[in-house]
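Here are some exercises to work through with the model open beside you. Try each task before you read its solution.

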Number of protein chains: 2
Amino acid sequence: MAKDNRKMVEAITSMEEDFAQWYTDVVKKAELIDYSSVKGCMILKPAGYAIWENIQAELDRRFKATGVENVYMPLFIPESLLEKEKDHVAGFAPEVAWVTHGGMNRLQERLCVRPTSETLFCDFYKNLIQSYRDLPKVYNQWCSVVRWEKETRPFLRSREFLWQEGHTAHATREEAQERTIQMLNVYADFCEEVLAMPVIRGQKTEKEKFAGAKATYTIEALMHDGKALQSGTSHNFGDGFAQAFGIQYTDRDNKLQYVHQTSWGLSTRLIGAIIMAHGDNDGLVLPPRIAPVQAIVIPIRQQADGVLDKAREISEMLGRVCRTKLDESEKSPGWKFAEQEMRGIPVRIELGPKDIEAGKCVVVRRDTREKTEVSLANLSDEVVRILDTMQKEMFERARAHRDAHIYDAHNYEELQNIAINKPGFIRGMWCGSTECEEKIKEDLAVTSRCMPFHDKEQISDVCVCCGKPAHKLVYWGKAY
Amino acid sequence: MAKDNRKMVEAITSMEEDFAQWYTDVVKKAELIDYSSVKGCMILKPAGYAIWENIQAELDRRFKATGVENVYMPLFIPESLLEKEKDHVAGFAPEVAWVTHGGMNRLQERLCVRPTSETLFCDFYKNLIQSYRDLPKVYNQWCSVVRWEKETRPFLRSREFLWQEGHTAHATREEAQERTIQMLNVYADFCEEVLAMPVIRGQKTEKEKFAGAKATYTIEALMHDGKALQSGTSHNFGDGFAQAFGIQYTDRDNKLQYVHQTSWGLSTRLIGAIIMAHGDNDGLVLPPRIAPVQAIVIPIRQQADGVLDKAREISEMLGRVCRTKLDESEKSPGWKFAEQEMRGIPVRIELGPKDIEAGKCVVVRRDTREKTEVSLANLSDEVVRILDTMQKEMFERARAHRDAHIYDAHNYEELQNIAINKPGFIRGMWCGSTECEEKIKEDLAVTSRCMPFHDKEQISDVCVCCGKPAHKLVYWGKAY
């Protein structure tokens with residue numbers, strides 16, 4: 001932590017003392033969000049929104065590389081449309097906001113503010129898709145959605161949040177399944193490569209799957225406090241929605257067939273994940289690849305002759321290889337250091353009169369505080385190298401932390417013991433019954449996070465809850 | 001028009017026959033939008049949304065170059081907040097959608113779905129701004145807004161539309177005025193340079209200004225049918241909102257001062273403007289700089305040996321210099337030509353076996369249908385040159401059309417005569433009274449579009465309506 005100005009930093013609760021308060025402090029002090037007069041709705045401030053812009057840009061590029069096209073659907077869903085698929089409406093109706101008046105008049109039919117847009121896409125596809133030549137449709141939209149949550153927390157759960165929702169229609173079951181998994185992998189690769197956040201890819205249980213889906217897949221990340229955070233989901237609907245909405249196409253043999261559909265979404269919740277996967281007691285730590293500002297140049301004794309000129313010169317030079325900012329405000333260097341740390345800017349470049357004389361500067365990494373003296377002649381190359389190294393090491397550190405917090409439970413006693421004493425993922429076999437899942441949730445406040453793809457080990461042959469024969473490995477955990 | 005397939009094109013009404021129907025036909029046939037089950041709300045299809053993405057990218061870049069930062073504010077405005085500025089609420093309350101229920105419960109206070117976000121930004125700034133050091137704030141958001149319109153038309157007027165809204169706060173009156181005009185100029189330059197659409201910059205009259213503004217500035221474009229389209233507006237609020245919301249800062253002398261505010265917005269309405277400023281009887285004509293696809297490669301006799309290979313090769317090559325697509329579907333070349341024309345793709349590249357043998361291809365411009373034989377060796381350079389020329393010539397053509405449709409009226413008889421017989425802008429002096437403005441609107445269905453910045457000519461010294469002394473030149477016109 002920077003020494004000469006503790007005012008800004010002192011206000012942060014340490015994560016060991018109170019993790020929830022630490023999180024709220026970081027969110028506010030790093031100026032990511034502000035509360036609004038609308039209960040449960042946040043204001044995304046420039047520093048927070050800029051992270052979302054980077055997430056959007058990178059994810060959108062990856063989507064488009066797989067053939068995704070962007071569209072925009074209405075904000076409102078007529079009540080009768082929401083009701084067409086019975087599981088879906090049962091899942092969402094209790095938590096939607098209803099528009100009942102337009103201008104001075106009561107509406108003939110209530111409209112809900114979209115909590116998700118499956119029903120709108122189905123209604124659209126019903127007319128759009130006639131023949132096998134119209135398939136597949138691989139559409140996505142970036143928008144906000146509304147869910148009338150009772151308890152809200154910045155980024156993690158709010159009444160309105162920003163997200164993307166992809167909705168696709170395919171000729172065959174196989175193609176729909178392939179797309180479902182493809183998009184889950186796009187999410188997982190993005191989280192690992194760009195957010196430096198390792199995830200476990202797997203399938204949700206019946207109980208935890210999306211309202212109306214045949215199968216839901218998820219990526220689950222582990223936060224500093226050992227809680228899991230569902231970071232993105234991808235659903236295969238089979239032809240359930242197609243049957244409810246009558247979305248049929250004529251195949252090559254001139255027969256009518258139902259389409260097979262998928263949807264997949266990822267939201268600003270991910271910003272909460274970045275904070276809790278990488279942050280520390282001095283604030284936010286942003287992985288370089290997602291950081292809106294990657295390097296900040298902080299002049300020391302900036303009133304001294306030539307310091308600001310040189311600082312501007314190297315900022316401009318660095319600006320060509322990474323997102324760079326120069327802080328030439330009148331605050332003290334120590335204050336600027338503390339701000340850089342709070343905001344999680346990956347590296348700061350300290351440059352004073354003596355450095356300039358010696359043709360060098362000091363580069364300080366946000367994550368490790370490691371200081372490197374760098375010759376000004378090599379600065380661009382060195383900063384790029386340091387950002388790359390930091391990105392890789394942040395991922396490795398997060399993976400090591402995650403792996404160190406995966407525990408095996410072979411029976412209920414072990415499960416209980418781990419759930420109470422060891423925050424993290426718990427691997428435990430499951431018989432497949434909802435009763436066991438519910439008992440575990442009620443007794444231990446632990447839910448099934450997923451049945452993993454890449455971890456098929458049979459750690460025992462009986463259910464961790466009931467002791468009956470079990471073949472499915474489940475990752476259990478407390479979750480956000 | 002392409003010859004061998006008229007099916008697609010025949011469905012379009014000619015603009016001379018029925019301009020409104022022509023517009024609707026283009027919007028549908030070029031696959032820009034679809035109607036939704038939600039009355040008055042449109043679906044932006046991939047071809048339409050991609051234009052908006054390009055508008056966003058280019059405008060966002062220009063905004064950021066002037067210091068704008070993006071944020072995201074809540075979708076909802078509590079009724080009591082909307083009511084704080086009296087002119088503003090009077091202007092918007094009659095046309096907002098009201099949320100009255102969240103989940104199963106009636107809300108204690110109704111929330112309107114934002115029709116615009118001045119009140120939310122004011123509520124935010126009230127806490128955010130304390131000292132002169134916190135100024136200026138130059139924030140913008142990209143979002144959708146809702147206005148409960150009775151009559152709707154694709155892009156031009158719909159119950160929900162996409163836009164950006166900038167909201168700024170400044171220490172001084174002068175700085176706010178400067179920002180208001182700066183953003184109007186950003187809009188105008190963007191329209192002229194990117195959309196090839198000349199605009200008239202000016203100020204709105206008292207009657208036509210934004211609800212709650214001290215002054216509203218506008219850019220007005222002329223459509224093919226001689227009607228005006230307001231394409232972007234920028235408002236100076238003075239300290240009116242600041243007083244209503246109590247947004248004060250301590251200045252350098254430690255005195256409390258109200259901030260001065262601005263807002264400025266531009267919406268998907270602009271896509272309607274592109275259609276009506278450039279389209280023709282074969283469909284859309286997109287200015288190259290905004291076109292999602294700038295060049296489409298259409299193979300002739302694509303089954304012939306080597307044709308598809310060569311087409312792929314040149315598509316890849318062209319893809320390095322412009323946004324290129326290859327149409328290798330099984331449709332006939334004539335059908336593909338008609339599609340390219342309907343969708344307004346700036347140039348098509350026709351490539352058949354004989355062309356390949358001769359080492360050349362044919363490049364056809366969408367706007368003029370001009371065909372150029374181009375050696376494959378020079379293709380990239382030539383296509384770039386043709387796109388540049390097309391961009392310039394589209395602007396010149398639109399400007400010539402606009403200038404040919406500006407008429408001077410020196411008295412009411414002339415005004416009447418022009419309003420009835422000559423679609424276009426009417427220049428006429430105005431005494432400044434709302435009565436004259438209202439009389440003209442009621443009698444002739446013509447409204448004051450703006451008092452221009454760059455055209456200060458005194459074409460007479462009496463009001464075109466009442467004959468009393470007049471010093472203000474006004475552009476009048478029928479408007480969308």
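**Exercise 1. Find where Glu31(B) sits, and say what is notable about its phi.**

Step 1: Look in the loop between helix 2 (19-29) and strand 1 (33-35) of chain B, and you'll find Glu31(B) there. Helices (H or I, at least four residues) and strands (E, at least two) are DSSP runs, numbered from the N terminus.

Step 2: Check the backbone: phi of Glu31(B) is near 60 degrees, a positive value in a residue other than glycine.

A word on the ground rules. Residues are numbered from 1 along each chain as its sequence is written, while chains are lettered from A and ligands numbered from 1 in the order in which they are written. This is a predicted model, where local features need pLDDT of at least 70 and side-chain atom pairs count only at pLDDT 80 or more, while totals for chains, interfaces and linings use all residues.

**Exercise 2. Track down the cis peptide bond that ends at Pro136(A), and then the one that ends at Pro136(B).**

Step 1: In chain A, go to the loop between helix 6 (118-128) and strand 7 (137-146), where Pro136(A) is found. The bond from Leu135(A) to Pro136(A) is cis, with omega near -5 degrees.

Step 2: Now chain B: Pro136(B) lies in the loop between helix 6 (118-128) and strand 7 (137-146) of that chain. The bond from Leu135(B) to Pro136(B) is cis, with omega near -5 degrees.

**Exercise 3. Work out which partners strand 6 of chain B pairs with.**

Step 1: Start with the rule: two strands pair if DSSP finds at least two bridges between them. In general, strands of a sheet pair through backbone hydrogen bonds, either parallel or antiparallel.

Step 2: Strand 4 (residues 76-78) of chain B is joined to strand 6 (residues 105-113) of chain B by three bridges, running antiparallel. Here Pro78(B) is opposite Leu111(B).

Step 3: Strand 5 of chain B also pairs with strand 6 of chain B, antiparallel, over four bridges. Trp98(B) has Cys112(B) as its bridge partner.

Step 4: Strand 5 and strand 6 of chain B make a hairpin with two residues between them, and in the turn Gly103(B) has a positive phi of about 60 degrees.

**Exercise 4. Describe how chain A meets chain B.**

Step 1: Count the residues: 42 from chain A and 42 from chain B take part in the contact. Two residues are in contact if their C-beta atoms, placed from the backbone, lie within 7 Å.

Step 2: On the side of chain A that touches chain B, strand 5 (residues 97-102) of chain A gives the largest share, six residues.

Step 3: Sort that side of chain A by class and you get 27 nonpolar, eight polar and seven charged residues. (Ala, Val, Leu, Ile, Met, Phe, Trp, Tyr, Cys and Pro count as nonpolar, Asp, Glu, Lys and Arg as charged, and the others, Gly among them, as polar.)

Step 4: Strand 5 of chain A and strand 5 (residues 97-102) of chain B run antiparallel, joined by five bridges. Ala97(A), for one, stands opposite Gly102(B).

**Exercise 5. Lay out the open sheet of five strands in chain A, and see what packs on it.**

Step 1: The strand order is 16-15-17-18-19, with mixed pairing. Strand 16 (324-326) and strand 19 (371-375) of chain A are the edges, each pairing on one side only.

Step 2: Zoom in on strand 17 (residues 347-351) and strand 18 (residues 360-365) of chain A, which pair in the antiparallel sense over four bridges. Ile349(A) is opposite Val363(A) in strand 18 of chain A.

Step 3: Helix 11 (residues 333-343) of chain A packs on the sheet, touching strand 15 (295-299) and strand 17 of chain A, and its direction makes about 170 degrees with that of strand 15 of chain A. Axes are lines fitted to C-alpha atoms, for helices over the stretch in contact, and angles run from 0 to 180 degrees between N-to-C directions.

Step 4: Helix 13 of chain A lies across strand 15, strand 17, strand 18 and strand 19 of chain A, at about 10 degrees to strand 18 of chain A.
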